[in-house]
Amino acid sequence: GGFGGTNDIGRVSLGVGRVSGLSNSYTTANVWGGTNAENSAQFSGKSYGIISVNSTLYMWVMVEGSYFSKSELYYSTNYGATWTSAGWRFENIGGAFSVPAFLNFGKDNFNARDNYVYIYAPGVKSASFDSANTIDLARVLNDQIKNRVSYEFFAGMDAVDNSLWTTDINSRKPVITYPSKVHWTISAGYNPGLNRYFLFNNSTPNPPQSANSPGNLEIFDAPTPWGPWTLAASYNNFGGLGYTFSYYLA
């Protein structure tokens, strides 16, 4: 239901909210979907990735009824009031990039290191809440986000530690390989004060359990978006029962 709503009142499968103001005097609103929303939700699904670039919002949406197999890119030029599909999906590729998340560089991506937008996703997953133990990385020029043919995928490092990229999604290589099972929820952001990149992931308990079972939280840290990534912290049974959640800077 969003702000002021409940699991029953105003509930939508996907909604967009707004938090405005300072930490001690902020206001909230349901912009798109939810209780007393400024705008009704146009479609359903799930999302774990949203970013603002040059005042345009971009959101990855797991397509309703096709979770863990299809993700579609939507964009908004009016701060989330309405959304338009870019007209293509990641699909039929073994689940790759079916649950993408953007690497955020602060408000409107102000601190971006270059002209690229970076996207992380668990390697391959299934609706049984289990997945592979890898995380993939893609990038696209910030003025080409809507164009599928402009996307490149991390393909490893060369002999002098330069990152390699390919337009062939099947030739990608993981940026993180972790012994525990990587779950679908990823958040990533750049910290300008530390000049470091942080990636958060909730790994799957072993053996896999339902979404309402306790999960584990891993925090990874790196000097670049492609690594080398190191495990900075790990917490078992993070948050107790219930879904692990993420937030994104827009």
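This passage walks through the strands, the nonpolar cores and one surface patch of the structure above.

The model is predicted, so local features need pLDDT of at least 70 and side-chain atom pairs count only at pLDDT 80 or more, while totals for chains, interfaces and linings use all residues. Residues are numbered from 1 along each chain as its sequence is written, and side-chain values use heavy atoms, leaving out hydrogens and water.

The protein chain has 16 strands and 0 helices (DSSP runs numbered from the N terminus: E, at least two residues, for strands; H or I, at least four, for helices). Of its 250 residues, 46% count as buried, where buried means under 20% relative accessible area, exposed over 50%, and partly exposed in between (1.4 Å probe, protein chains only).

Inside, the largest nonpolar core (buried Ala, Val, Leu, Ile, Met, Phe, Trp, Tyr and Cys residues joined through side-chain atoms within 4.5 Å) has 22 residues. Tyr120, Ile135 and Trp229 are among those with the most contacts inside this core. Strands giving two or more residues to it include E8 (116–122) and E9 (134–141), and E13 gives the most, with 3 residues. A second, separate core of 20 residues includes Leu73, Trp88, Ala138 and Ile145.

Turning to the surface, Tyr26 lies in strand E2 (residues 25–32) and is partly exposed, with a relative accessible area of 49%. Together with Phe3 and Val19, Tyr26 forms a nonpolar patch (residues with over 30% relative accessible area and no salt bridge, nonpolar side chains being Val, Leu, Ile, Met, Phe, Trp or Tyr joined within 5 Å, and like charges within 9 Å; a salt bridge is a side-chain nitrogen of Lys or Arg within 4 Å of a carboxyl oxygen of Asp or Glu). The patch has about 320 Å² of accessible area (Shrake-Rupley method, 1.4 Å probe; for residues, only the protein chains shown count as cover).
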